[in-house]
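I opened this model to see what I could learn by looking things up one at a time. These are my notes, in the order I made them.

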Amino acid sequence: MSSSDAPPPYTEVARHGMFPEPRHDEVARFNFLANLNRHLSAVLGAGNRLAYETRVRPAFVAAHGREPKDRFEVRQAMNSDPFHSFWSALKRNSMEMRQQNGRSIVLRQAEALAGRAAALNAGCNTLELDSSVEVPRYQAAVDIHCMPGSYHGELFPGDVSAGANYDCGIFATTGGALGALSDGAGQAIAQWVKAERPGFQPRRILDIGATIGHNAVPLAQAFPEAEVWAIDTAAPSLRYGHARARTLGVSNIRFVQMNAEDLSRFTDGFFDWVQTTMFLHETSGKALPRIIAEGARVLASGGLMLHLEQPNYTDEMPLLEQFLRDWDAFNNNEPFWSAMHALDIPAILEAAGLPREAQFKARVKAVVDRSIFPEAPTGAAEDHGRAAVWEAYGAWKPAVAARKAA
């Protein structure tokens, strides 16, 4: 790996008013982890293909008299290969070390961060928390991304440590590929929409599964006349996200604790734009269609529904690639990842009232400052699940669909 391929140092991460302050050794650990993740992706990752083609696949064919039939058979065979086990163990340990470092940073200043957030959030009607909103089991059953307590863990009243940990550590898992504020996806979405529909001026935007607003804040900045609603079920993340937005000078955004399976608070056609960003794979197979159906109901005629995700599995995608993309499902506490990426998303959109002719699929690449942050590795060297290139699935809601949904 050349020096030009190395991720930027942690000193380049933007320190907004809510950002936790790391110590020297904590910065060094994040720098190590960012470089380890890049090395695992860009260099060692190629060894999986070599192991499969030279050892695993020939052994499988010799034993069964046929090729593997699906990604699950590839997984069973690859899990016995020593190189893949070595690579997988390194990736799992890198995630655990990332969480340990992030937690050590925020826990020693948890009360100070909570106090700072409380002062920033005081008297604002743009933060709405509702203790009656239950964290869904598909969010509460595991610590997603190996993050203790996941997005919703609360150590004491007013705690924001979950949001702070997520914010300060995402640089290490992405190698800085999302930019100084880790908002490269939100910036990319805003740019894509403006290029796709230059005259589109949404009055209200709904960002579902917003966590701390990495994606919602850039939309609010790109469309300052719009009212952005950032909803999530995790109160600690919303507290932190609202305070973070205020320190960034963004005031046209509301952070609301709400489950997107029930958007009955909003009338039909309330929003001009409904979206998710790398969120659908964190929902269950039952919840996902409900969320899309509710989103389609509250979407106005001519409005945009957009879901940014990793590519879905198709017959054209090689089984080895499907297996590698499945790594997070079995090793990074993303239990719905595998099933979600095998769903027929266009059919779910159609069932929600968004006809096939109104749908689209597009590639969206993160926008970052190239004077500081290098290009993310893609293609053969892609860090499956975290590279800064995604596929967008969505639709522009036609008038006839709006009448059917009413």
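**Entry 1: salt bridges**

I started with charge pairs, in what is a predicted model. I counted 18 salt bridges in the structure. In general, side chains of opposite charge can pair when their charged atoms come close. I then picked out individual pairs.

My pick from the early part of the list was Glu-73 with Arg-66. Their side chains meet in a salt bridge, at 2.9 Å from N to O. How accessible is each partner, Glu-73 and Arg-66? Glu-73 has a relative accessible area of 14%, so I noted Glu-73 as buried. Arg-66 has 35%, so Arg-66 went down as partly exposed.

Next I looked up Arg-92 and Glu-96. Their side chains form a salt bridge at 2.8 Å, N to O. Why are these two about one helical turn apart? Both sit in helix α4, and they are separated by about one helical turn because they are 4 residues apart there. I checked accessibility here too. Arg-92 is partly exposed, at 27% relative accessible area. Glu-96 is also partly exposed, at 28%.

**Entry 2: a pair that spans the sequence**

I turned to Arg-203, which forms a salt bridge with Asp-272. The closest N and O atoms of this pair are 3.0 Å apart. Where do the two residues lie? Arg-203 is in the loop between α8 (184-196) and β2 (204-208), while Asp-272 is in strand β5 (residues 271-277). The pair therefore ties together parts that are 69 residues apart in sequence. Asp-272 has a relative accessibility of 10%, so I marked Asp-272 as buried.

I also noted a network. Glu-53, Arg-57 and Glu-67 are joined into one by salt bridges that share partners.

**Entry 3: two residues in strands**

I stayed with strand β5 and looked up Gln-275, which lies in it. Is Gln-275 buried or exposed? Its relative accessibility is 0%, so Gln-275 counts as buried. Its side chain makes a polar contact of 3.3 Å with the side chain of Thr-277. I then set aside neighbours within four places in sequence and listed what Gln-275 touches. The contacts are Ile-189, Leu-206, Asp-207, Ile-208, Leu-219 and Leu-306.

Val-228 came next, in strand β3. Val-228 is buried as well, with a relative accessible area of 0%. I compared Val-228 with Leu-206: 22 residues separate them in sequence, and their C-alpha atoms are 6.0 Å apart in space. Leaving out neighbours within four places in sequence, I found Val-228 in contact with several residues, among them Ile-205, Ala-216, Leu-219 and Ala-220. Asn-252, Ile-253 and Arg-254 are also in contact with Val-228.

**Entry 4: cavities**

Last, I looked for enclosed space. How many cavities of 30 Å³ or more does the structure hold? I noted 3. The largest has a volume of about 750 Å³.

I then went through the lining of that largest cavity. It takes in 45 residues, and those nearest the centre are His-145, Tyr-151, Tyr-166, Met-278 and Glu-282. By kind, the lining divides into 22 nonpolar, 17 polar and 6 charged residues.

Which elements each supply at least two lining residues? I wrote down α4 (82-107), α6 (137-140), α7 (161-174) and β3 (227-232). Of these, α7 gives the most, with 4 residues.

Notes
Residues numbered from 1 in each chain as written. Predicted model: local features only at pLDDT ≥ 70, side-chain atom pairs only at ≥ 80, totals over all residues. Heavy atoms only, no water. 1 Å grid on protein atoms, 1.4 Å probe; cavity = no way out; pocket = protein on both sides within 12 Å on 5 of 7 lines; lining within 4 Å. Points joined across faces, edges and corners; volume = space filled by probe spheres on them. Nonpolar A, V, L, I, M, F, W, Y, C, P; charged D, E, K, R; others polar. Salt bridge = Lys/Arg side-chain N within 4 Å of Asp/Glu carboxyl O. Buried < 20%, exposed > 50% of the residue type's maximum accessible area, 1.4 Å probe, protein only. Polar contact = N/O pair within 3.5 Å; in protein donor to acceptor, adjacent residues only side chain to side chain. Contact = heavy atoms within 4.5 Å.
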